[in-house]
Amino acid sequence: MQVTVKDVAKAAEVSIGTVSRVLAGEPNVSAETTERVMKVIKKLNYTRLRRRKSLPEGKRLLRRNIAMLLLGMDRSLASLPSVASGIHGTESALAEEGANVLLADLPLVDRLPDVLSRKQVHGILAKGALQTELISNADQKLIQRLREIPTVWFLGRPQKADWGDVVESNDSEIGRLAAEYLLSRGHQRIAILDPKPNHVTLGQRCASFTWHATQGGATLENIFGKDADWGLPLKSVEDVELVDRLVGRLLKLKRQPTAVFVPADSIAALVYRACTRRGLLIGKDLSLISCNNEVPLLTGLYPEVTTIDICAEQIGRQAVEQLIWRMAHPETPAVNVSVQPRLVEGMSVTDLT
């Protein structure tokens, strides 16, 4: 005898309408009720006599709740052009796919937000701080909940976040592009200037740059900041005096570098300022190559900065594609997706050849 929706409702002790809403994936059903109904459906081997029409084309997340989380980040960091572009990419793609977007900003990661505790959430897109002990310092109920839901990190995976997929820039390729560009223009004495030690993304770029530059015969000097300068919520590099001190250290080196590699445009803008204060002209007295292609930060700088475009908006869009795939393949091992960067040539690197 064919099992009906009425049988499912009776066994699960809910109304027929509730069963229908669960089958449709509608958001206004509690997670507990949904789980109870789905267990009964499986136990009774219920199959629908009439299936809903397929979702409209381009609406693969229709009637799905997707949480977008910002974790451990100060507002200054979330408003950086590269981060804002990544967020814009996710929001645009989610809107096109018909998702119901739930937003939560947790700068101190010290609580479980209402969007995760009260609502049925089908997937999570997360942007987390990539420096400091984000996961270790987070509320454990929050971490447990994140582990239960299909998750995609975008623009990098935080330290110790050992679950979920990630869509990020190809930082190894960024380091290679920058190193080979400087080497091709005759630069053999190079400094790396990075005020954010132990930052996942910036560190990967610097490590790749170091390997490729030394393979090309260059000598490197590392000018790094201190861990003590950073904590949660993580901020953008906006400390003028901090970067000024690092530039001062660079200019005191016995063998002056002819070029400097900076792993983010927000840092490059402050390096320009510090050099100008000292009467130095980037592109003449010191060459510079940067990363991210954050146009709002670079527009006022002269000469124009040579930088690596990480294609942040594409990363955001790709993160939504990956989440759709992850929701359909919950048992598949975690996936890392890298978006290829591209060189944007300016006038900040002198040709010494």
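Student: Are tryptophan 153 and tryptophan 163 buried or exposed?
Tutor: Tryptophan 153 and tryptophan 163 are both buried, a word used for residues with under 20% relative accessible area (exposed is over 50%, partly exposed in between, with a 1.4 Å probe and protein chains only). Keep in mind that this model is predicted, so local features need pLDDT of at least 70 and side-chain atom pairs count only at pLDDT 80 or more, while totals for chains, interfaces and linings use all residues. Residues are numbered from 1 along each chain as its sequence is written, and side-chain values use heavy atoms, with hydrogens and water left out.

Student: OK, and how many aromatic pairs are there in the whole structure?
Tutor: The search turns up 2 aromatic pairs, where Phe, Tyr or Trp rings (the six-membered one for Trp) have centres within 6.5 Å, and planes under 30 degrees apart are stacked, over 60 edge-to-face, the rest tilted. For tryptophan 153 and tryptophan 163, the ring centres are 5.7 Å apart and the planes stand at 65°, so this pair is edge-to-face.

Student: Where do those two tryptophans sit along the chain?
Tutor: Tryptophan 153 belongs to strand E4 (residues 151–154), whereas tryptophan 163 is in the loop between E4 and strand E5 (165–169), so their pairing ties together parts that are 10 residues apart in sequence. Strands (E, at least two residues) and helices (H or I, at least four) are DSSP runs numbered from the N terminus.

Student: What about phenylalanine 209 and phenylalanine 261, why is that pair stacked?
Tutor: Their ring centres lie 4.3 Å apart with the planes at 5°, so the pair counts as stacked. It links distant parts of the chain, 52 residues apart, with phenylalanine 209 in helix H10 (residues 200–215) and phenylalanine 261 in strand E8 (residues 259–261).

Student: And is phenylalanine 209 buried or exposed?
Tutor: Phenylalanine 209 counts as buried because its relative accessibility is 0%, and phenylalanine 261, with a value of 0%, counts as buried too.

Student: Switching to helices, which residues of H10 meet H9?
Tutor: Thr201, Gln204, Arg205, Ser208, Phe209, His212 and Ala213 in H10 meet residues of H9, among them Ile174, Ala178 and Leu182, where contact means heavy atoms within 4.5 Å.

Student: At what angle do the axes of H9 and H10 cross?
Tutor: The axes of helix H9 (residues 171–184) and H10 cross at roughly 40° and come within 7 Å, with each axis a line fitted to C-alpha atoms over the stretch in contact and angles running from 0 to 180 degrees between N-to-C directions.
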